[in-house]
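Here is a short report on the packing and pairing of chains in one assembly. Look at the sequence and the structure first.

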Protein chains: 6
Amino acid sequence: MPTVRVEMFEGRDREVKQKLATEITQLMIKTVGCTQDSVQVVFTDISKENWAMGGELAVTKFPD
Amino acid sequence: MPTVRVEMFEGRDREVKQKLATEITQLMIKTVGCTQDSVQVVFTDISKENWAMGGELAVTKFPD
Amino acid sequence: MPTVRVEMFEGRDREVKQKLATEITQLMIKTVGCTQDSVQVVFTDISKENWAMGGELAVTKFPD
Amino acid sequence: MPTVRVEMFEGRDREVKQKLATEITQLMIKTVGCTQDSVQVVFTDISKENWAMGGELAVTKFPD
Amino acid sequence: MPTVRVEMFEGRDREVKQKLATEITQLMIKTVGCTQDSVQVVFTDISKENWAMGGELAVTKFPD
Amino acid sequence: MPTVRVEMFEGRDREVKQKLATEITQLMIKTVGCTQDSVQVVFTDISKENWAMGGELAVTKFPD
């Protein structure tokens, strides 16, 4: 039943997300002892205009 | 003051969301005893690339 | 390490978000005593179709 | 796959939560067309010291 | 309608939370132009066992 | 800057959480290419009274 939420900057493609989902699911099975079907992984893509560290928007701090 | 968050696959239209909002709000009033104005319902549309069950992205598991 | 999440209607521009990030970060430093670098502020833009108050979607309740 | 999160003041007992879970799950099946097993409902109990409306903590605004 | 969520280490008292709620609410009114009654602030207290930075639990990284 | 949130049933000890934090952080560095210091992992312990699957509270479905 674990749900793992991954918040990261937008722009990662489907292949990266599938890899993260596979590895996080295996990690939860191995470490927590849950079944494979019970694990959910949800990705939240966050734009650089919507995330600030140390008071500065990432769009300014980490321009492309 | 209850806030109810509904995370579901993107693609549901406004009519479905209004129906859910109406029924969830009535349910909270009836069951929890709060006032109508205090209930908030927030929808989060999640793409099939952003949700994995059992380690597999929904875009692969449930192709359209 | 505080993380502050601001959920509001979509449509606010980068300048408003930078102002909120600056002021929230200063407030956390002053009030909680954390370092500037440890504060994160994340914005979630919510459409008026995705937020209901009192059982009514905001897109109906507050049309533009 | 829908996940519904209910944030409300702490203090509701198991019977109330079971009733909400039952009705929300039935509502999602009927309205969204998902299967029963795919619906998850998660409750978050929030103390009155941790929720403010209009700038005032609920513990002050709504004392027991 | 803005909702602001503040996640921080547990241990801050009611006075600190009231101060944060007051200032965040005023900031939202001033910057976003919403009404006072529409602003909600929710605090989430997180224990040092439940927050890791750089791969290390805060309970180890920042012992009391 | 990624933040990974792990929601699971309460009862896992510090050792399990540290192991999850270590492995998730390494996975993010390797897969997403972020720095170690930028990764945060937050655990949310959920009681069996607060999580329902298929309309049934886990406290009933999975009694200890």
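Helices (H or I, at least four residues) and strands (E, at least two) are DSSP runs, numbered from the N terminus. This is a predicted model, in which local features need pLDDT of at least 70, side-chain atom pairs count only at pLDDT 80 or more, and totals for chains, interfaces and linings use all residues; side-chain values use heavy atoms, with hydrogens and water left out. Residues are numbered from 1 along each chain as its sequence is written, while chains are lettered from A and ligands numbered from 1 in the order in which they are written.

**Buried residues**

B:Leu57 sits in strand β4 (residues 56-57) of chain B. Buried means under 20% relative accessible area, exposed over 50%, partly exposed in between (1.4 Å probe, protein chains only). B:Leu57 counts as buried because its relative accessibility is 0%. Contact means heavy atoms within 4.5 Å. Neighbours within four places in sequence aside, the contacts of B:Leu57 in chain A are A:Arg14, A:Lys17, A:Gln18, A:Ala21 and A:Phe43. In chain B they are B:Lys48, B:Glu49, B:Trp51 and B:Ala52. The C-alpha atoms of B:Leu57 and B:Ser47 are 9.9 Å apart, with these positions 10 residues apart along the chain.

A:Gly55 occupies the loop between β3 (51-53) and β4 (56-57) of chain A. Its relative accessible area is 11%, so A:Gly55 is buried. Beyond four places in sequence, A:Gly55 is in contact with C:Gln18, C:Ala21, C:Thr22, C:Thr25 and C:Val39.

| Residue | Place | Relative accessible area |
|---|---|---|
| B:Leu57 | β4 of chain B | 0% |
| A:Gly55 | loop between β3 and β4 of chain A | 11% |
| A:Leu20 | α1 of chain A | 0% |
| F:Thr3 | β1 of chain F | 6% |

**The A and F core**

A nonpolar core is a set of buried Ala, Val, Leu, Ile, Met, Phe, Trp, Tyr and Cys residues joined through side-chain atoms within 4.5 Å. The largest one has 34 residues. Those touching the most other members are A:Val6, A:Leu20, A:Met28, F:Val6, F:Leu20 and F:Met28. At least two residues of this core come from each of β1 (3-9), α1 (14-32) and β2 (40-46) of chain A, and from each of β1 (3-9), α1 (14-32) and β2 (40-46) of chain F. Another core, of 33 residues, lies apart from it and includes B:Leu27, D:Ala21, D:Val32 and D:Cys34.

A:Leu20 belongs to helix α1 of chain A. Residues up to four places away in sequence aside, A:Leu20 touches A:Met8, A:Phe43, F:Leu27, F:Met28, F:Thr31 and F:Val32. Its C-alpha is 27 Å from that of A:Gly54, 34 residues apart along the chain.

A:Val6 touches A:Ile24, A:Val41, A:Val42, A:Phe43 and A:Thr44, along with F:Thr3, F:Val4 and F:Met28, with residues up to four places away in sequence not counted. F:Thr3, in turn, is in contact with A:Arg5, A:Val6, A:Glu7, A:Trp51, F:Gln40 and F:Val42, leaving aside neighbours within four places in sequence.

**How chains A and F relate**

Copies are superposed by least squares on the C-alpha atoms of residues with pLDDT of at least 70 in both. Chain F superposes on chain A by a rotation of 180° with 0.0 Å of shift along its axis (RMSD 0.0 Å). That is the relation of a two-fold axis. The C-alpha of F:Arg5 is the one in chain F nearest the axis, at 2.5 Å. Both copies use the same surface: 100% of the contact residues of chain F recur in chain A.

Some chains do not touch. Chain A and chain E have their nearest C-alpha atoms 14 Å apart and do not touch. Chain B and chain F do not touch either, with nearest C-alpha atoms 14 Å apart.
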